[in-house]
Amino acid sequence: MSEISINRRGLMFVMSSPSGAGKTTLSRGLLETDAEIVMSVSATTRAPRPGEVDGKDYYFASVEEFGLMVNRREFLEHAKVFDNYYGTPKAPVEEALASGQDVLFDIDWQGTQQLKQNAGADVVSIFILPPSTQELERRLHSRAQDSAEVVASRMSKAADEMSHWAEYDYIIVNQDIAQSSAQIRAILDAERLKRPRQTGLDGFVKGLREGL
Ligand SMILES: Nc1nc2c(ncn2[C@@H]2O[C@H](COP(=O)(O)OP(=O)(O)O)[C@@H](O)[C@H]2O)c(=O)[nH]1
Ligand SMILES: Nc1ncnc2c1ncn2[C@@H]1O[C@H](COP(=O)(O)OP(=O)(O)O)[C@@H](O)[C@H]1O
């Protein structure tokens, strides 16, 4: 039997966490296993880490270039995080949603608030907590891509970021990657099934009733 597909409205799936709690790892896992969701690639003024690819991990921009994009209103949201600027380019998100895809955002609490203000009903937000402070520090060190100074600065800012946990729809404590991935999967599956998002239901049910 062929799979039934009912048209639905794309959703904006936001994941935030203090740096090092595991967002990047969890979002990569989701993208690899789900063809209906695409990542929003942000622009940033931060320097690329070893292995990061321009246009894939981020669009790396100078402060001047970033400022021009802000002036041209090219961002859906933007914010200063740590000592750098980050922003979500608007056009790719609008194109993906219009073509029926969901979009995954790895953005901070400031960006999440802005998205909720502009597109409330389409936003589903998850906050990811580390299982402990010691484990957060271990993960930041294990990533080994940032200097000791950067790790220390991110640890000191984790408390700030974590203070916004209650603004999110769902909270996941990321102890075990497989378990956290399964929890994220469950949230996405359930949110996709919400009645207002299944815009094709009217026609589908009409067809069913006419066939009786
Ligand atoms: N508001 C906003 N925050 C972003 C954006 N892109 C990344 N961030 C956040 O900026 C913070 C730092 O990101 P990054 O430098 O990649 O380090 P990470 O914390 O290890 O992922 C994280 O909290 C990200 O969620 C964006 O486009 N907008
Ligand atoms: N549940 C987990 N258990 C152990 N290590 C993890 C877990 N989740 C992520 N990590 C590791 O912690 C480090 C930071 O994870 P990352 O996904 O880069 O975090 P973030 O994107 O939130 O900064 C990486 O080395 C990653 O492999």
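This passage describes the overall build of a predicted model, then its open sheet and the surroundings of its two ligands.

In the predicted model, the protein chain folds into eight helices and nine strands. Its C-alpha trace extends over about 70 × 40 × 30 Å along the principal axes. The radius of gyration is 19 Å, which agrees with the value near 17 Å that a compact globule of 212 residues would have. Of the 212 residues, 26% are buried. Among contacts with a separation of 6 or more, 70% join residues that stand 24 or more positions apart along the chain.

A good place to begin looking is the sheet. Four strands make up an open sheet with mixed pairing, and they run in the order β4-β3-β6-β5. Strands β4 (59–60) and β5 lie at the edges, each pairing on one side only. Strand β3, which covers residues 43–44, pairs with β4 in the parallel sense, and two bridges link them. Within this pairing, Ala43 has Tyr59 of β4 as its bridge partner. Two helices can then be added to the picture. Helix α2 (residues 63–71) packs on the sheet, where it touches β3, β5 and β6, and its direction makes about 40 degrees with that of β6. Helix α4 also packs on the sheet; its contacts are with β5 and β6, and its direction makes about 155 degrees with that of β5.

Some of these elements turn up again around ligand 1. The shell of ligand 1 holds 16 residues, of which Ser19, Ser42, Tyr86, Ile107 and Gly111 are the closest. Two or more residues of this shell come from each of β5 (75–81), β6 (84–89) and α4 (109–119). Strands β5 and β6 thus appear both in the sheet and in the shell around ligand 1, as does α4, the helix that touches these strands. Sorted by class, the shell around ligand 1 comprises four nonpolar, eight polar and four charged residues.

Ligand 2 has its own set of neighbours. It is surrounded by 15 residues, and the closest are Gly22, Lys23, Thr24, Thr25 and Arg139. The elements contributing two or more residues to the shell around ligand 2 are two helices, α1 (23–33) and α5 (133–143). In this shell, nine residues are polar, four are charged and two are nonpolar.

Conventions:
Residues numbered from 1 in each chain as written. Chains lettered and ligands numbered in written order. Predicted model: local features only at pLDDT ≥ 70, side-chain atom pairs only at ≥ 80, totals over all residues. Rg over C-alpha atoms; globule rule 2.2 N^0.38 Å. Buried ≥ 20, exposed ≤ 12 C-beta atoms within 10 Å, placed from the backbone. Contact = placed C-beta atoms within 7 Å. Near = placed C-beta within 6 Å. Nonpolar A, V, L, I, M, F, W, Y, C, P; charged D, E, K, R; others polar. Pairing = 2+ DSSP bridges. Axes fitted to C-alpha atoms, helices over the stretch in contact; angles between N-to-C directions.
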